[in-house]
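Could you walk me through this model in the viewer, one selection at a time? I would like to know what to pick next and what is there.

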Amino acid sequence: MAPITDFSQRSHPDTIVLFDVDGTLTAARLGVTQEVLDTLAELRKKVVIGFVGGSDLQKQVEQLGPNVLNNFDYCFAENGLTAYRLGEKLSSQSFIGWIGDEEYNKLVKFILHYIADLDIPKKRGTFIEFRNGMINVSPIGRNCSQEERIEFEKYDLQHGIRAKFVEDLKAAFPHLALTYSIGGQISFDVFPTGWDKTFCLRHVQKDGFKKIHFFGDKTTKGGNDYEIYSHPDVTGHSVTSPKDTMTILKKLFF
């Protein structure tokens, strides 16, 4: 990738391009290709680049490579609740600090009982993943194989398992200002309202960018890219795959 340079040395220093990870820069939960890395390296000579994903930083490293903090100007894990600018860590937020243990325990108890009663073809393990700024809920369990991920995604599209789960959680916890965001193939995120991917914008806006582009695949309402994709300060690009992302990038910037 291109070496870190001051933003002023880019061809368009007032422009930042942000990317979702799964389905946008990589296939779901798989590693980034060299073609994508090479394209991003060339793009970085022209504009400022960053990623914003819902997963924790370790998963971003697994997908985008061990040099991710050097290869992107901005790195936003957990929607920007964990954030880096030019390799330097910025301030972070805590989900458990926001919700408190009493309400959190009630939420977890409901989720685990709900999944126990779910009649789906397969269940594996790690149904709740606790993260710094959110929890991730997976009806099948995050320990499922890649093949089982694909199977569940197809089953979910037919039966609306995650969508109904979200609606039932909203009905059970109307007093909590929580947002439920379906993303990827097997899970959905739960976080305080306002802590969606638009949270990262408070970091980039400090640099005074005049143009903010965002590329994502879950851009319809209820998807975890929707809020930032439709934000009035952002030019959103809806994509279907990493290949689609590269095609649009080349039309816009090369």
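## First stop: Thr26

Welcome to the tour, and start by selecting Thr26, which counts as buried because its relative accessibility is 1%. Keep in mind along the way that this is a predicted model.

Thr26 sits in the loop that lies between β1 (15-19) and α1 (34-44). Show side chains here, and you will find the side chain of Thr26 in a polar contact with the side chain of Gln63, at 2.9 Å. Now display what surrounds Thr26: leaving aside residues up to four places away in sequence, Thr26 touches Val21, Gly31, Val32, Gln63, Leu64 and Pro242.

## Second stop: helix α10

One of those contacts, Pro242, leads to the next selection. Pick residues 242-253, which make up helix α10. This helix has 12 residues and reaches 16 Å from its first C-alpha to its last, close to the 16 Å expected at 1.5 Å a residue.

Which residues of α10 are buried? They are Pro242, Thr245, Met246, Leu249 and Phe253. Turn the view to look down the axis of α10: the buried residues fall within an arc of 95 degrees, so they line one face of the helix. On the other side of α10, look for Lys243 and Lys251, which are exposed.

What do the buried residues of α10 pack against? Select β1, α1 and β10 (211-216) to see their partners.

## Third stop: the sheet

Next, show the strands. An open sheet is formed by 7 strands, in the order β5-β4-β3-β2-β1-β10-β11, with mixed pairing. At its edges are β5 (88-89) and β11 (235-238), each of which pairs on one side only.

Step through the sheet from β1. Strands β1 and β2 run parallel and are joined by 4 bridges; here Phe19 stands opposite Phe51 in β2. Add α1 to the selection, and you have a right-handed β-α-β unit made of β1, α1 and β2.

Stay on β2 for a moment by selecting residues 48-52. In this strand 5 of the 5 residues are buried, so β2 is largely enclosed by the rest of the structure. Both of its faces are covered: Val48, Gly50 and Val52 are buried on one side, and Ile49 and Phe51 are buried on the other.

Move on to β3, which pairs with β2 in the parallel sense over 3 bridges. Phe51 stands opposite Cys75 in β3. Cys75 in turn stands opposite Tyr84 in β4. Strands β3 (residues 74-77) and β4 (residues 82-85) run antiparallel, joined by 4 bridges.

## Last stop: helix α7

Finish by selecting residues 161-172, helix α7. Its 12 residues should span 16 Å at 1.5 Å a residue, and the end C-alpha atoms are 17 Å apart, which agrees.

Colour Ile161, Arg162, Phe165, Val166 and Leu169, which are buried in α7. Seen down the axis of α7, the buried residues fall within an arc of 130 degrees, so they line one face of the helix. Lys164 and Ala171, on the other side of α7, are exposed.

Where do the buried residues of α7 pack? Bring up α5 (101-117), β7 (135-137), α6 (146-159), β8 (178-183) and β9 (187-192), and you will see the elements that they pack against.

How values were computed. Residues numbered from 1 in each chain as written. Predicted model: local features only at pLDDT ≥ 70, side-chain atom pairs only at ≥ 80, totals over all residues. Heavy atoms only, no water. Pairing = 2+ DSSP bridges. Helix = DSSP H or I, 4+ residues; strand = E, 2+ residues; numbered from the N terminus. Buried < 20%, exposed > 50% of the residue type's maximum accessible area, 1.4 Å probe, protein only. Polar contact = N/O pair within 3.5 Å; in protein donor to acceptor, adjacent residues only side chain to side chain. Contact = heavy atoms within 4.5 Å. Expected span 1.5 Å × (residues − 1). Arc of directions from axis to C-beta. Right-handed = clockwise from strand over helix to strand, strands pointing away.
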